[in-house]
Number of protein chains: 2
Amino acid sequence: MVKKQLIMDKALELFSEQGFEATSVQQITERCGISKGAFYLSFKSKDELILALIDYFMMQITADIDQSVRSCSNEEELLYVFYFTTFRSFSKHSAFAKMFLKEQTQTFNEELISKHDYYDSHINESILYILDQLYGEQIEETKYDLLICIKGFIQIYSALYLRFNLPLDIDSLTKSLVEKTALLAEHSTIPFISGDIIRIIKEPIHEQVTTEHIAALIEQKIDDIENPIEQESLQILKDNLFKTNTSLAITKGLLENIKNNPQCKWISYLIREYYQL
Amino acid sequence: MVKKQLIMDKALELFSEQGFEATSVQQITERCGISKGAFYLSFKSKDELILALIDYFMMQITADIDQSVRSCSNEEELLYVFYFTTFRSFSKHSAFAKMFLKEQTQTFNEELISKHDYYDSHINESILYILDQLYGEQIEETKYDLLICIKGFIQIYSALYLRFNLPLDIDSLTKSLVEKTALLAEHSTIPFISGDIIRIIKEPIHEQVTTEHIAALIEQKIDDIENPIEQESLQILKDNLFKTNTSLAITKGLLENIKNNPQCKWISYLIREYYQL
DNA sequence: TATACTAATGACTAATCGGTCAATTGTCAA
DNA sequence: TTGACAATTGACCGATTAGTCATTAGTATA
């Protein structure tokens with residue numbers, strides 16, 4: 001599916017420059033050097049394209065953040081690692097980040113909102129995990145305000161950087177934000193986010209990670225994977241989902257096989273969560 | 001110009017629900033109960049409409065914020081007054097705030113960006129004024145990071161509130177943000193925003209307030225004003241712009257005459273700045 | 001070379017867009 | 001009541017949109 005990738009690349013360029021609605025399928029196909037018909041061989045509709053883009057990148061970004069946070073052994077560095085990974089991801093996928101920033105407040109598509117909420121809730125969990133690890137009970141009251149503020153920091157600094165296309169000194173930005181976050185965590189006492197609001201924020205809880213969900217995801221991705229080892233690993237992982245008494249060692253090994261393919265990051269993230277690895 | 005107001009009202013509703021691009025002129029005229037031709041009697045184009053909306057509301061909001069900040073005598077309350085006025089304004093004009101949040105990241109119109117920058121720079125000045133008053137030299141290094149963080153707080157909490165249409169306890173939110181801001185101002189030591197970035201941020205400096213600019217603005221607004229006293233006051237203020245040795249007392253009195261008309265807030269703000277009142 | 005199959009094309013449709021303008025309606029002074 | 005003028009209408013325009021499909025080009029097998 002090289003064609004699909006080509007379309008996604010060029011479309012992302014255009015979306016980040018002009019926005020989704022302002023970009024026509026014609027423009028996309030022209031930049032790809034293909035015909036209009038060819039576009040609709042790869043994607044059923046223009047909407048499906050943007051949803052695919054969001055999935056493709058958000059899976060990577062979200063899994064990236066989660067992984068580096070969970071694998072960080074040094075508590076001192078937890079916040080640093082989180083911010084650093086986040087901005088490095090945004091920096092790496094800056095065209096996507098730009099598009100995402102443009103479209104995230106748009107209401108034009110119900111499915112887009114729910115997708116946004118889905119990944120957002122995963123990121124929320126990563127942040128809450130960090131806060132829990134670092135401060136625990138100490139910030140029981142202000143926890144959700146901290147969550148909001150951290151996301152506010154990320155959003156406003158990202159927007160600044162993406163707006164002017166500045167070269168970003170991630171280390172410096174991260175250090176600055178770590179200090180700010182720590183200050184708020186350790187000294188702020190007046191919460192705003194009340195129990196009611198928390199419930200509303202949390203409402204779009206991401207569905208329980210089910211065997212069917214993972215299996216469907218593998219099914220969907222498996223044909224796009226070119227490396228035969230990775231493909232077989234995915235197949236076995238999928239089959240094992242429906243067996244009992246599967247070897248955790250084998251599972252871990254299989255996960256190791258696919259860990260370098262960015263397309264598999266999300267799946268392995270979900271499987272790790274599923275088996276509590 | 002009652003028709004113009006009707007169109008702006010209904011269009012704002014639609015824009016805040018669906019976004020600007022997704023709303024057609026047809027939809028607007030249908031909701032107004034007028035014909036398509038009638039729309040184009042009031043506005044030269046759809047673009048002119050959104051620019052008018054932004055001017056109409058941003059003038060009020062920006063002037064509101066500036067006025068309450070500058071007229072706050074108690075230094076202790078400065079930050080509180082700023083946040084409170086800001087959120088009260090957003091709350092009062094929530095449909096506009098919603099639309100603005102949707103469209104602010106859109107690139108589709110050069111003029112829209114420059115308008116955004118124009119009002120943004122005014123708000124920046126209000127915030128920097130507060131920071132200067134409260135902390136002065138003490139935050140020389142971190143001043144612009146504070147500016148960014150304050151705007152980040154406002155943005156993320158507004159988005160939260162507007163997204164879920166929650167009833168907003170402004171006082172509570174404001175107290176929470178005042179504490180956070182004070183913490184950052186008093187204790188943060190690691191700046192990120194460097195001199196280079198400041199220059200880029202400041203670049204779209206709003207033009208010097210000129211006599212011609214104010215006169216043109218009055219000219220443009222004066223026919224929409226229905227109250228004859230307000231209309232005459234504006235006329236005299238405009239004429240006085242081109243005279244030397246005008247009485248400051250008279251100017252102040254005239255400003256007093258128009259202070260209750262929201263349409264005049266921006267003009268009186270500029271005139272006050274012009275005469276250094 | 002002939003056949004069978006897939007990949008790719010671009011002219012086409014139906015709908016909608018922002019914007020125009022000749023025709024109609026409403027209003028008020030003479 | 002008439003006539004002059006302003007306000008309002010909605011059919012219409014050209015451009016553009018997302019999406020379709022009969023046709024063609026390319027490729028692999030027999």
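Here are some questions and answers about a predicted model of protein chains with DNA.

Q: Which helix supplies the largest share of the surface near DNA strand D?
A: Let's start with the helices that each give at least two residues to this surface: helix 3 (36-42) of chain A and helix 3 (36-42) of chain B. The largest share is 4 residues, and the supplier is helix 3 of chain B.

Q: How many residues of the surface near DNA strand D are charged?
A: There are 15 residues around the strand, and V25(A), K36(A), Y40(A), K46(A) and S35(B) come nearest. Sort the surface by class and you get 5 nonpolar and 6 polar residues, which leaves the charged ones, and they number 4.

Q: Which residue has a polar side-chain atom 2.8 Å from a base oxygen of DNA strand D?
A: Two side chains can be set aside, as their partners are phosphate oxygens: S35(B) has a polar atom at 2.9 Å from one, and K3(B) has one at 3.3 Å. The base oxygen is the partner of a polar side-chain atom of K36(A).

Q: Is helix 1 of chain B roughly parallel or roughly perpendicular to helix 4 of chain B?
A: Helix 1 (residues 2-18) and helix 4 (residues 46-70) of chain B pack with their axes 10 Å apart, at an angle of about 95°. Angles of 65 to 115 degrees get one particular label, so the two helices are roughly perpendicular.

Q: How many nonpolar residues does the contact of helix 1 with helix 4 of chain B have?
A: Helix 1 of chain B brings residues including I7(B) and F15(B), while helix 4 of chain B brings L53(B) and Y56(B), among others. By class, the contact has no charged residues and 1 polar one, and its nonpolar residues number 11.

Definitions and conventions:
Residues are numbered from 1 along each chain as its sequence is written. Chains are lettered from A and ligands numbered from 1 in the order in which they are written. This is a predicted model: local features need pLDDT of at least 70, side-chain atom pairs count only at pLDDT 80 or more; totals for chains, interfaces and linings use all residues. Side-chain values use heavy atoms; hydrogens and water are left out. A residue is near a molecule or strand if one of its heavy atoms lies within 4 Å of it. A polar contact is a pair of N or O atoms within 3.5 Å; within protein, one must be able to donate a hydrogen and the other to accept it, and residues adjacent in sequence count only if both atoms are side-chain atoms. Ala, Val, Leu, Ile, Met, Phe, Trp, Tyr, Cys and Pro count as nonpolar, Asp, Glu, Lys and Arg as charged, and the others, Gly among them, as polar. Axes are lines fitted to C-alpha atoms, for helices over the stretch in contact, and angles run from 0 to 180 degrees between N-to-C directions. Angles under 35 degrees count as roughly parallel, over 145 as roughly antiparallel, 65 to 115 as roughly perpendicular and the rest as oblique. Contact means heavy atoms within 4.5 Å.
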